[in-house]
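Visitor: I'm new to reading structures, and I'd like to go through this one with you. Could we start with a word I'll need?

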Amino acid sequence: MERAAPRVDEIPFDSARKRMTTVHRAPDGALRIVCKGAPEVMLRPPVLIDAPDTRTRAAARAETLARDGYRVLAVASADHDETPPRSTDAWESGLSLLGLVGILDPPRDTSRTTVTACEHAGIAPVLITGDHPLTARAVAARAGIVAREDEVTTGMRIRQGTAGPLTASRVYARTTPDQKLDIVQAWRAAGHVVAMTGDGVNDGPALRRADIGVAMGQRGTEVARQAADLVLADDNLATVVAAVEEGRRVYANVRRFLLYALAGGTAEILVMLLGPFLGMPLPLLPAQILWINLLTHGLPGVALGAEPVEPGVMRHPPRPPEESVLGAGLWPRLLAMGVFVAGVTLVAAVWAREAGRPWQSVTFLVLGATQLGVALGSRARPGSLANPFLLLAVGTALALQVAGVYLPPLRALLGTEPLPLVDLAIAGALSGLGHVVMRVQRWLFPERPPRSRSAPAPAHG
């Protein structure tokens, strides 16, 4: 076909005209002009010279295909014995309809499940497309974004100013690149975090303007990939949902570590400040404090970052961007745990001093071991082996903490004294309260999920 009717000229596709025209040289030397485009701009004069009933039947058929989710193109042509003037009006008028082409690009089988997961997570999927409104509605309904009777906002209505607020719709059809940009800006201006997915050249501006631009790695154009912040290697929206879940896991683990570390630090400060008032001039030596910090914030702290995602985390709405990482009730919890750890340590120290035991070694052992108990109580999935590294890290740190009391080289370094087994058992029992109280306070004061907001908008171009 390319050899028999080579292309000699063309008018490229334009999102405003919604059609493309090519000119071919026929074997007899004549010229054939072929035009393809959206039915609503093709099936009317002066583009077509066909009879009105032909255009009416074609428009009805195009609407039926669009309702079934097909992308529809109308194709028309005209033959010229001599070269017509090179202009849009001359080439794209007086054509005869050849037919309609229906292109089906069905959503993935997992699309509805993915959209449902987004809805549960407080993410509102929005469809922005250049397709016909009926096609857009059918595709959105199949994916579960909207119901079939829901309203679709069109680029024409946006241009005329009759679409209302741009954030009031979930499906936008027959949009131009600048309108996609306006829609993204409208969602951002409403206070939402916007993720925009796209694959075409005309998606570039919106991908760049969105908070997170996500390009398709397989079918995406180079322009889209360069404009985006992330590239999906598998072109699967479910990967975005998995990334959101991973992001929430990381954020939860940051808060988990802060609660653990700051509660321990608060406890150490309180012990050093209140100890002298209880008859202990120097509750802990500098080397002992450094040793405790090394063991509690070392391996256990790193292991807390590997905690798995908590059950139900994808059924909470997103956290507001302005919320502090220590917000949502974390400050009171860490202060309460710090006071508790300090209280247990000081009670053990006072008892040891009154009983004539080596109270500084008891203080050293209980303070470190209780913090390790808090680490175990911070697990996202207690009672499971979801993060064995944390169990190993806490076990190792606890062994080193006990070694600091009994191993001669460490005793000389840290200035501790060995404890009788009875005292060790009492110290161990008191330290176990760290785990118990951490679990109880997590049950009494669970992580406060953020308040639900009206649709944050991941947009799909």
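Guide: Let us begin with how residues are sorted: Ala, Val, Leu, Ile, Met, Phe, Trp, Tyr, Cys and Pro count as nonpolar, Asp, Glu, Lys and Arg count as charged, and the others, Gly among them, count as polar. Please keep in mind as well that this is a predicted model.

Visitor: OK, so how do the residues lining the second largest pocket divide up?

Guide: The lining of the second largest pocket has four nonpolar, two polar and five charged residues. Among the residues that line this pocket are Lys18, Glu40, Arg44, Arg159 and Arg174, together with Thr154 and Gly155.

Visitor: And how much space lies in there?

Guide: The second largest pocket holds about 210 Å³ of space.

Visitor: Which helix gives the most to its lining?

Guide: That is H6, which gives three residues to the lining. Helix H1 (39-42) and helix H6 (155-160) each supply at least two lining residues.

Visitor: Switching to the sheet, what's the order of the strands?

Guide: The sheet is open and has five strands in the order S1-S2-S3-S4-S5, and their pairing is antiparallel. Strand S1 (7-14) and strand S5 (96-104) stand at the edges with a single partner strand each, so one side of each has no neighbour in the sheet. From one strand to the next, the twist averages 15°.

Visitor: How many bridges are there between S1 and S2?

Guide: S1 and strand S2 (residues 19-25) pair over five bridges, in the antiparallel sense.

Visitor: And which residue in S2 stands opposite Arg7?

Guide: Opposite Arg7 you will find His24 in S2.

Notes:
Residues numbered from 1 in each chain as written. Predicted model: local features only at pLDDT ≥ 70, side-chain atom pairs only at ≥ 80, totals over all residues. Heavy atoms only, no water. 1 Å grid on protein atoms, 1.4 Å probe; cavity = no way out; pocket = protein on both sides within 12 Å on 5 of 7 lines; lining within 4 Å. Points joined across faces, edges and corners; volume = space filled by probe spheres on them. Helix = DSSP H or I, 4+ residues; strand = E, 2+ residues; numbered from the N terminus. Pairing = 2+ DSSP bridges. Axes fitted to C-alpha atoms, helices over the stretch in contact; angles between N-to-C directions.
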